[in-house]
Amino acid sequence: MEKLQTLFKQKKDLLSVYFTAGFPNIDSTLPVLKALEEGGADFVEIGMPYSDPLADGPVIQNSSTVALKNGMSLKVLFEQLKELKKSVKIPMILMGYFNPVLKFGVEAFIEECKEVGISGLIIPDLPYETYIEEYEKLFTENGISNIFLITPQTPDDRIKKLNKASTSFIYMVSSAAVTGARNGGLSPKQVDYFERVNSMELKTPCMVGFGISNHQNYKEVCNYAHGAIVGSAFIKHLENIGDDHNEIVGFIKKLKNGQ
Amino acid sequence: MSESFQPDEKGFYGPYGGAYIPEMLIPNIENLRENYIRIMNSESFRKNFKTLLEDYAGRPSPLYYATRLSEQYGCNIWLKREDLNHTGSHKVNNTIGQILLAHEMGKKRIIAETGAGQHGVATATVCALMGLECIVYMGETDIERQAPNVARMKMLGAEVRSAVSGSRTLKDATNEALRDWIANPLDTFYLIGSVVGPHPYPDLVAKMQSVISGEIQWQLRNKTDKSDPDYVVACVGGGSNAAGSFYHFMDNPDVKLIGAEAAGEGLSSGKTAASIALGETGVIHGSMTNLMQTNDGQITEPYSISAGLDYPGIGPLHAWLNHTGRAKYLSVTDQEALDAALLLTRKEGIIPALESAHALAALNQLDLKSGENVVVTISGRGDKDMKTYMDRLQLV
């Protein structure tokens, strides 16, 4: 949690990259992480693959299916993260669905997260109300930040509630859609939504995700938010090129710097 | 009786239910939750619902005394003939109710998931009736094995979209429908087909289907002087026809409630959909319930010969009825269901849907006594399953 908070204080125009653990290969986690760090990702979201990822489009769905076939599980992931704890400096977030976490045991899961140096969690189907009632204490006592999503349909009073409970950043979903790259720039509607949220002067910064696939998208949303999150576009890259170190470094540099 | 079988204000039946959904769905679900009871209690809804159920769907559905089947089992067997409804199953009770809700809420685009295609057909039917756009998600596997229903949906003007993830059955179709709803939050109404999903759907669908048990009560009273049977037996996939059949009897412990779930090729075969027998508590499609899952919390791909029961979870009401012991859930294999379907056909001249055949097969596991009144819900008719029956019963 603190690592993330420090990063947000020190830097603007952050680039966060999502990848699915165990994709394209079971042991891709470390090489992908190192390449992302070297390429200039400011923090990473490691996807915990799930059989039924409701909020994800076909690209991330497919990467999850492959990762599960490769034998990825929370147990395997935590073992991998234990080994690479010292070699990765940038903050790491885990993203995944509630059922595997529930099955693992939420307390045991949070302890493992703390142990391997995870800063925050994005669990889309763990709603705010359940988090507050059952898990807020557990998360904050262990220094794990729970990251809330907001969408163009989230009413202002709900955004205020989520902001109050937010301890690192708010994940601003760019439009009403599941994850996946989209063509074209920002629509006037999206700009209105970003400006509406900006004008609320939230205590924690926002990162924009869903549909961000290239340098231009990234720069554009940085005008309205603290940074951007790229997921499906990177998974697509892994799908085509594999987990080659130099290729990933090049991809991230191009994403960040435009060349 | 201490337990309540109605959900609390957050949609929990004991520990089951709730709304475990991504933030993207919260506004849609809140909107529905804030409106469904008000609309369903309104004079105009009640009047329209009643009229359509009677004049359009053909209700009340008969409660038929099955003479030859009763002789076979040595008790009084009553068949609740949901197969005689318009569109051929109980599903139309719910789709009529929900389409009126959607209309009242000003929604123009209807999406649905379907397994056997019965809910898809019932949805496409009411969309045609109301002149609304209709998109039905259906697993690729089910599109192949339920071809007649796919054709019906298309003729009714619905677009059938193939779900190609996972085992390509009902679970995957439900995922796709939820993703569609995430992408179309404003104009779209998700017309869910069973007592599953996030609150308020399990309660909403149970209430729509409760017309079944309401009718059983007065029909049985007219025929026997007793309004409550000794047993009510229904098949359970997600559990909507069972919820509707049990509804008015849940608070009377003298009525034994029996759900028949699909064991597929057997409980230990690895090819099964028995979520009560093999499931553990977890979250599926926005609801805390019993579901079949791996040690790592991944949802297991289910299997059943019956597309309508081919689902790894179960509605949270059923998880609670099972938890409290109020209802008992029995597992029925593919073969037992096929045999029961043939028995009913030859004894009574009624070809049941494969789903309903599971309820009939469960009779073999009950200790039925002379004079007892046993109501079995025939949730649908077997027309859509003729290819499977011909192949598996070797009738050619």
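Here are some short exercises on a predicted model, each with a worked solution.

**Exercise 1: two helices in chain A**

Work out how helix α2 (residues 29-39) and helix α4 (residues 74-84) of chain A are oriented to each other.

Solution. Start with the general idea: two packed helices are described by the angle between their axes and the distance between the axes. Take the distance next: the axes of α2(A) and α4(A) come within 10 Å. Then look at the angle, where the axes cross at roughly 50°. Roughly parallel would need an angle under 35 degrees, and roughly perpendicular runs from 65 to 115. The pair α2(A) and α4(A) is therefore oblique. As a last step, add the handedness: the crossing of α2(A) and α4(A) is right-handed.

**Exercise 2: a helix in chain B**

Decide how far helix α9 (residues 201-209) of chain B is enclosed by the rest of the structure.

Solution. To count as buried, a residue needs under 20% relative accessible area. Go along α9(B) and you'll find buried residues including B:Tyr201, B:Pro202, B:Asp203 and B:Leu204. Carry on, and B:Val205, B:Ala206, B:Met208 and B:Gln209 turn out to be buried as well. That makes 8 of the 9 residues, so α9(B) is largely enclosed by the rest of the structure.

**Exercise 3: a salt bridge in chain A**

Find what joins A:Arg196 to A:Asp156, and say where each residue sits.

Solution. Keep in mind that side chains of opposite charge can pair when their charged atoms come close. Here the side chains of A:Arg196 and A:Asp156 form a salt bridge, at 2.4 Å from N to O. This pair ties together distant parts of the chain: A:Arg196 belongs to helix α9 (residues 188-198) of chain A and A:Asp156 to helix α8 (residues 156-165) of chain A, 40 residues apart. Now check the cover. A:Arg196 has 25% relative accessibility, so it counts as partly exposed. A:Asp156 has 32%, so it is partly exposed too. If you're wondering about the total, the structure holds 34 salt bridges over all chains.

**Exercise 4: charged pairs in chain B**

Are B:Arg109 and B:Asp180 buried or exposed, and what links their side chains?

Solution. First the link: a salt bridge, 2.9 Å from N to O, joins the side chains of B:Arg109 and B:Asp180. The partners are 71 residues apart, with B:Arg109 in strand β5 (residues 109-114) of chain B and B:Asp180 in helix α8 (residues 170-183) of chain B. Next, the cover: B:Arg109 has 8% relative accessibility, so it is buried. B:Asp180 is buried as well, because its value is 6%.

Then compare another pair. B:Asp172 and B:Lys171 meet in a salt bridge of 3.4 Å, N to O. B:Asp172 is buried at 1% relative accessibility, and B:Lys171 is buried at 0%. Finally, widen the view: salt bridges with shared partners connect B:Arg109, B:Glu133, B:Glu159, B:Arg161 and B:Asp180 in one network.

**Exercise 5: a patch on the surface**

Which residues make up the nonpolar patch on the surface that includes B:Met386?

Solution. Begin with B:Met386 itself, which lies in helix α16 (residues 386-392) of chain B. Its relative accessibility is 31%, so B:Met386 counts as partly exposed. A patch residue needs over 30%, and B:Met386 passes at 31%. Now add the other members: B:Ile351, B:Met390 and B:Leu395 join B:Met386 in the patch. Together these residues have about 280 Å² of accessible area.

How values were computed. Residues are numbered from 1 along each chain as its sequence is written. Chains are lettered from A and ligands numbered from 1 in the order in which they are written. This is a predicted model: local features need pLDDT of at least 70, side-chain atom pairs count only at pLDDT 80 or more; totals for chains, interfaces and linings use all residues. Side-chain values use heavy atoms; hydrogens and water are left out. Patches are made of residues with over 30% relative accessible area and no salt bridge: like charges are joined within 9 Å, nonpolar side chains (Val, Leu, Ile, Met, Phe, Trp, Tyr) within 5 Å. Accessible areas come from the Shrake-Rupley method with a 1.4 Å probe; for residues, only the protein chains shown count as cover. A salt bridge is a side-chain nitrogen of Lys or Arg within 4 Å of a carboxyl oxygen of Asp or Glu. Helices (H or I, at least four residues) and strands (E, at least two) are DSSP runs, numbered from the N terminus. Buried means under 20% relative accessible area, exposed over 50%, partly exposed in between (1.4 Å probe, protein chains only). Axes are lines fitted to C-alpha atoms, for helices over the stretch in contact, and angles run from 0 to 180 degrees between N-to-C directions. Angles under 35 degrees count as roughly parallel, over 145 as roughly antiparallel, 65 to 115 as roughly perpendicular and the rest as oblique. A crossing is left-handed if the near helix is turned anticlockwise from the far one by less than a right angle, and right-handed if clockwise.
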